[in-house]
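Please open the model in your viewer and set up a selection tool, since this tour moves from one selection to the next.

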Amino acid sequence: MSVRELVVLGTASQVPTRHRNHNGYVLLWDGEGLLFDPGEGTQRQMVRAGVAAHDLNRLCVTHFHGDHSLGLAGVIQRINLDRVPHPVTAHYPASGRRFFDRLRYATAYRETVQLDQQPVSGKGAVLVDGPSYLLEARRLSHPVESYGYRLVEPDGRRMLPGLLAERGISGPDVGLLQREGEVRGVTLDEVSEVRRGQRFAFVMDTRLCEGVYALAEGCDMLVIESTFLDEDAALAVEHGHLTAGQAARVAAESGVRHLVLTHFSQRYDDPTAFERQARAAGFEGELTVAKDLMRVPVPKRR
């Protein structure tokens, strides 16, 4: 059975707190694992959350500030220590290649796993275009080069039993129709409808910009930073971040189904304030204020 869920390893921005580890998020998607922005302590949080190195297929870094990348050294070494049996691919801003290399070789260890690198530059790029999903990156607005990531499942077809019965299509003929597109004069379009593929986006440190909206558009789940509360909007702009209200308005305007707010400044102790401001901004969908070690299922297909 396929599993599609977000595992939250840490939710703190800049510095960890007594209750929040540095950033770290794993998207489990049909047997693959994408690790986003591993900050300090990610390896230990993976153990606590029940996520193994073997679960990881991709490392996706938005930018090279420490709270989003200092955990790379430990994670990469753990991947090699555990002799993960498949290649792992790292995506990160090309301008930060020197930081990636320094973290990869921060200390001595034995390399046993193929670690491929696919840096991104410019306005963004399609990183993966395979049968299971398309993964793309979009440039964001932050004091250092930063990218968000978007995963899109290809559209499929949903068979409609009533129409199949009307046209006398049953049993093995249903599979044949799906493969061939036509059986005894009945076409696939006559007895099915488009099943929209699921969409997931990961948006970290950024001001409001075109890339934020492009990543969020039509997402079933949007994981997005809300470092500041709305009363500190000037600080958010100055430091290249979003407020809870801004993140929620993006989600509302982009048709997001499930909004996950995270990356909270240590100045705030009350997580319910983020939820209140997100609702006040007009977001009416499913809303999660992330907590460390939380598991959040991706919404079922529409």
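The tour visits one helix with its surroundings, and then a pair of helices.

This is a predicted model, in which local features need pLDDT of at least 70 and side-chain atom pairs count only at pLDDT 80 or more, while totals for chains, interfaces and linings use all residues. Residues are numbered from 1 along each chain as its sequence is written, and side-chain values use heavy atoms, with hydrogens and water left out.

Select helix α1, residues 42–49, where Thr42, Gln45, Met46 and Ala49 are buried (under 20% relative accessible area, with exposed meaning over 50% and partly exposed in between, for a 1.4 Å probe and protein chains only). Looking down the axis of α1, you will find that its buried residues fall within an arc of 105 degrees, so they line one face of the helix. Next, turn to the face of α1 directed away from its buried side, which carries the exposed residues Arg44, Val47 and Arg48. Add β1 (4–10), β2 (24–29), β3 (32–36), α3 (72–81) and β18 (295–297) to the selection, as the buried residues of α1 pack against these elements. Just after α1, pick Gly50, which takes a positive phi of about 75 degrees.

Now select helices α9 (residues 244–254) and α10 (residues 272–280), which pack at an angle of about 45 degrees with their axes 8 Å apart. Their crossing is right-handed. To see the contact (heavy atoms within 4.5 Å), show Ala244, Gly245 and Ala248 of α9 together with Phe274, Gln277 and Ala278 of α10.

Notes: Helices (H or I, at least four residues) and strands (E, at least two) are DSSP runs, numbered from the N terminus. The arc is that of the directions from the helix axis to the C-beta atoms. Axes are lines fitted to C-alpha atoms, for helices over the stretch in contact, and angles run from 0 to 180 degrees between N-to-C directions. A crossing is left-handed if the near helix is turned anticlockwise from the far one by less than a right angle, and right-handed if clockwise.
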